[in-house]
Amino acid sequence: MRGLRRLQFWLLHFYLLGMVGMLLGGFWMQFAYSEMPCPLCVAQRLALSLAAIGPAWVILQCRFGHRDGASMLVRGMAVSMLAAIAGLILGGRHVLLHILPGDVGYGTPVLGLSLYTWVVIACMVILLVAAVTSLFHDRLEPPMVERLNPVSIGSLWLLAIVLLANAATVFAEAGFHLYLPDDPTGYRLFGG
Amino acid sequence: MVAASIFLLLVLTLLSALTGRRRVTAVLAVACFVCMMLLGWHHMTEPLGLNL
């Protein structure tokens, strides 16, 4: 039982780093292939970011020694589920925009699928993981810790840096306009 | 600027989780969800001139 709870603690890290990895993948496509994220892409990045906040919240709460550790796990998973619902709606809409035969889609495909299709798949996996974790929350509640280990601290810092980097690049892309352009070609802040 | 602000709201949510304020974190997380859905709704309907 204790081993299962310990495993859950590390699975939360795996889950968090998976979301961060997807966000970094978006950055890679943006800078290595010079593909500007469209408004729907940015909205999907927001959904993935919120999905990462769920496990990050659970990991952070492990420090406070709550008596009801199971409920904190459910709260974190609920945040991830909300984010996955948003990601499914936004990604699904993006898939439908390019679903007609002959449409080349938006951006370079990765492993044969467009990035927004990967978002839909990721959100389905998030929903499944969050639902199963919530169902067995009494067995899977993570253990309380005196202080976070370096892996936890590193993962949380990485998430914070990726969120701030996203805020900065999106601001650079939108400039001093309220919304992003429908078909972005450069960074408006720098006159692009 | 709206999308960048929501990213900053997410950072704020992470910071509130760091301080252990559970209710504030929950409210901020829901606020992030609502804001991103409103932004998504704008971008899903506006370019096509849809009136849903």
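This is a short tour of a two-chain contact, a set of packed helices and two loop residues, in an order you can follow in your viewer. The model is predicted, so everything you select here is part of a prediction.

**Stop 1: where the chains meet**

Show chain A and chain B together. Their contact takes 37 residues from chain A and 27 residues from chain B. On the chain B side, select helix H1 (2-19) and helix H2 (22-45), each of which supplies at least two residues of the side that touches chain A. Now colour that side of chain B by class: 21 residues are nonpolar and 6 are polar, with no charged residues.

**Stop 2: H1 and H2 of chain A**

Hide chain B for a moment and select residues 2-32 and 39-61 of chain A, which are helices H1 and H2. How far apart are their axes, and at what angle do the helices pack? The axes lie 9 Å apart and the angle is about 155 degrees. H1(A) and H2(A) are therefore roughly antiparallel to each other, since angles over 145 degrees count as such. Their crossing is left-handed.

To see the contact itself, show side chains. From H1(A), pick residues including Leu12(A), Tyr15(A), Leu16(A), Met19(A) and Leu23(A); facing them in H2(A) are residues including Leu48(A), Ala52(A), Pro55(A), Ala56(A) and Ile59(A). By class, this contact has 14 nonpolar, 3 polar and 1 charged residues.

**Stop 3: Leu12(A)**

Zoom in on Leu12(A), which sits in helix H1 of chain A. Is Leu12(A) buried or exposed? It is buried, because 25 other C-beta atoms lie within 10 Å and 20 or more is the cut-off for that label. Beyond its neighbours within four places in sequence, Leu12(A) is in contact with Pro55(A), Val58(A), Ile59(A) and Pro142(A). Try drawing a distance from Leu12(A) to Ala56(A): they are 44 residues apart in sequence, yet 7.8 Å apart in space, C-alpha to C-alpha.

**Stop 4: helix H6 of chain A**

Next, select residues 150-174 of chain A, which form helix H6. At 1.5 Å a residue, its 25 residues should span 36 Å, and the end C-alpha atoms are 36 Å apart, so the two agree. The buried residues of H6(A) include Leu156(A), Leu159(A), Leu163(A), Asn166(A), Val170(A) and Glu173(A). Bring chain B back to see what covers them: the cover includes H1 and H2 of chain A together with H1 of chain B. Just after the helix comes Gly175(A), with a positive phi near 65 degrees.

Now keep H2(A) and H6(A) on screen. Their axes come within 11 Å and cross at roughly 155 degrees, which makes H2(A) roughly antiparallel to H6(A). This crossing is left-handed. Residues making the contact include Arg45(A), Ser49(A) and Ala52(A) of H2(A), and Ser152(A), Leu159(A) and Asn166(A) of H6(A). In all, the contact divides into 8 nonpolar, 3 polar and 1 charged residues.

**Stop 5: two loop residues**

Most residues other than glycine have a negative phi. Two residues go the other way. Ser34(A) has a positive phi near 50 degrees and lies in the loop between H1 and H2 of chain A. Ser34(A) is exposed, with 9 other C-beta atoms within 10 Å.

Finish at Leu111(A), in the loop between helix H3 (69-97) and helix H4 (115-135) of chain A. Its phi is positive too, near 55 degrees. Leu111(A) is exposed, with 6 other C-beta atoms within 10 Å.

Key. Residues numbered from 1 in each chain as written. Chains lettered and ligands numbered in written order. Predicted model: local features only at pLDDT ≥ 70, side-chain atom pairs only at ≥ 80, totals over all residues. Contact = placed C-beta atoms within 7 Å. Helix = DSSP H or I, 4+ residues; strand = E, 2+ residues; numbered from the N terminus. Nonpolar A, V, L, I, M, F, W, Y, C, P; charged D, E, K, R; others polar. Axes fitted to C-alpha atoms, helices over the stretch in contact; angles between N-to-C directions. Parallel < 35°, antiparallel > 145°, perpendicular 65-115°, else oblique. Left-handed = near helix turned anticlockwise from the far one by under 90°. Buried ≥ 20, exposed ≤ 12 C-beta atoms within 10 Å, placed from the backbone. Expected span 1.5 Å × (residues − 1).
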